[in-house]
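The following exercises are to be worked with the sequence and the coordinates side by side. Each task is followed by a solution in steps.

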Amino acid sequence: MSTPTYEMRYCPHCATALAWVQAPEDSGLVDRLRCPACGWTHWNNPTPVLAAIVEYHDQILLARNALWKDRFFGLITGFMEAGESPEQGIAREVKEEVNLDVQQCTLVDVSAFLRMNQVLISYHVVATGEIALSPELSEYRLVDPAQATVWTTGTGLALQKWLRARGFEPQVIERYPQTSAQASSAAPNDDAASGAPTAAAPPSATSPTAPHDGAGDAVALEVDAKGLRCPQPILRAKKALATLQSGQRLRVLATDSGSLQDFAAFARQTGNALIAQHTDEAGVHHFVLQRR
Ligand SMILES: [Zn+2]
């Protein structure tokens with residue numbers, strides 16, 4: 001799953017090996033990788049990366065990249081592409097990664113992410129639709145802004161800024177440093193998030209294997225509907241929810257692949273919130289519903 005770390009070694013114009021060459025620039029003589037044959041210069045400018053604080057039904061959507069070994073949840077990020085505005089780019093990323101439609105887009109922060117040689121352009125977006133994760137993401141969670149924890153670098157700073165502007169004082173956490181292999185194996189649109197500490201949600205310190213339930217609150221009840229065919233998982237969930245108080249949470253385990261659509265539809269129709277969903281290594285779907 002690892003990809004090599006690429007470096008610029010040959011001139012992209014004439015294929016001559018690049019060399020460190022001193023040349024006069026506006027600021028004086030500067031050493032850079034340049035082509036001794038045609039004069040092409042490797043400027044190594046930072047790459048623009050877009051990030052989104054996705055607001056969905058008054059909660060913030062955080063997602064975990066499938067390549068991340070730890071249990072961190074971060075913002076939606078991606079590289080800006082040629083021919084699009086930053087606003088179009090982040091709307092595209094949100095659609096590609098979680099299938100939501102961006103209705104509103106407000107700039108939150110622009111900052112240098114030095115270690116990755118990136119410029120992070122972070123937006124707050126209000127999104128609608130039905131969540132469906134791209135294969136790049138393995139899980140998502142929805143957290144209340146008041147409950148959000150933030151991380152100390154990269155996109156975490158933008159999330160902090162946004163929360164503070166709204167009157168929330170988020171808890172700050174440190175993320176375990178990732179190995180360089182993990183950082184470099186990320187798909188292009190994960191760099192901002194995977195290259196460095198970028199994710200929210202309580203880290204795995206509590207328990208690496210514990211299912212994550214929205215803002216981390218405990219679930220009141222669990223229904224094991226593994227092996228049951230549609231509509232049994234939904235019927236069991238309905239019955240269990242009826243025993244809960246408003247705001248209490250129910251976890252449902254199911255193996256029927258139809259349950260992925262069923263639970264989304266069930267939540268929409270009944271007003272009970274589907275606040276977290278993921279599929280574990282064994283192929284078991286975990287749903288956390290919050291009683292309306
Ligand atoms: Zn050249």
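**Exercise 1. The chain as a whole**

Among contacts in the chain between residues at least 6 apart in sequence, what percentage join residues at least 24 apart?

Solution. The model is a predicted one, in which local features need pLDDT of at least 70 and side-chain atom pairs count only at pLDDT 80 or more, whereas totals for chains, interfaces and linings use all residues. Residues are numbered from 1 along each chain as its sequence is written.

Step 1. Two residues are in contact if their C-beta atoms, placed from the backbone, lie within 7 Å. Of the contacts between residues at least 6 apart, 67% join residues at least 24 apart.

Step 2. The chain holds six helices and 14 strands; these are DSSP runs numbered from the N terminus, helices being H or I of at least four residues and strands E of at least two.

Step 3. A residue is buried if 20 or more other C-beta atoms, placed from the backbone, lie within 10 Å of its own, exposed if 12 or fewer, and partly exposed in between. By this criterion, 37% of the 292 residues are buried.

**Exercise 2. Confidence**

State which elements have the lowest and the highest mean pLDDT.

Solution. Step 1. pLDDT is the predictor's confidence in each residue, from 0 to 100. Its mean over the chain is 82, and 84% of the residues reach 70 or more.

Step 2. Helix 3 (residues 180–184) has the lowest mean, 32, and helix 1 (residues 86–98) has the highest, 98.

Step 3. Over residues 176–217 pLDDT stays under 50, and the model has 124 contacts beyond four places in sequence for them. Where pLDDT is low, the predicted coordinates should not be read in detail.

**Exercise 3. The core and helix 1**

Identify the residues that touch the most other members of the largest nonpolar core.

Solution. Step 1. A nonpolar core is a set of buried Ala, Val, Leu, Ile, Met, Phe, Trp, Tyr and Cys residues joined through C-beta atoms within 7 Å. In the largest one, which has 59 residues, the members that touch the most others are A52, I53, V54, V94 and L289.

Step 2. Strand 3 (residues 47–56) supplies the largest share of this core, six residues. At least three residues come from each of domain 2 (47–173) and domain 3 (219–291), with bounds taken from an automatic or database domain assignment. In soluble globular proteins, nonpolar side chains tend to be buried together.

Step 3. Beyond its neighbours within four places in sequence, A52 is in contact with L75, I76, I90, E93, V94, Y123 and V125.

Step 4. In helix 1, the buried residues are G89, I90, A91, E93, V94, E97 and V98. Their cover includes strand 3, strand 4, strand 5, strand 6 (101–113), strand 7 (118–128) and strand 8 (137–143).

Step 5. Helix 1 has 13 residues and spans 18 Å from its first C-alpha to its last, close to the expected 18 Å; the expected span is 1.5 Å times one less than the number of residues.

**Exercise 4. Strands and distant partners**

Why is strand 12 (residues 249–254) described as largely enclosed by the rest of the structure?

Solution. Step 1. Strand 12 is described in this way because five of its six residues are buried.

Step 2. Strand 11 (residues 221–225) runs parallel to strand 12, and five bridges join the two; strands pair if DSSP finds at least two bridges between them. A225 stands opposite A254 in strand 12.

Step 3. L120, in strand 7, is buried, with 25 other C-beta atoms within 10 Å. L120 and A51 are 69 residues apart in sequence, yet their C-alpha atoms are 6.9 Å apart.

**Exercise 5. Backbone exceptions**

Locate the cis peptide bond at P231 and examine the positive phi values of N44 and D58.

Solution. Step 1. Most residues other than glycine have a negative phi, and most peptide bonds are trans.

Step 2. The cis bond joins C230 and P231, with omega about 5°. P231 lies in the loop between strand 11 and helix 5 (232–241).

Step 3. N44 has a phi of about 55° and lies in the loop between strand 2 (28–34) and strand 3. N44 is exposed, with 10 other C-beta atoms within 10 Å.

Step 4. D58 has a phi near 65° and lies in the loop between strand 3 and strand 4. D58 is exposed, with 10 other C-beta atoms within 10 Å.
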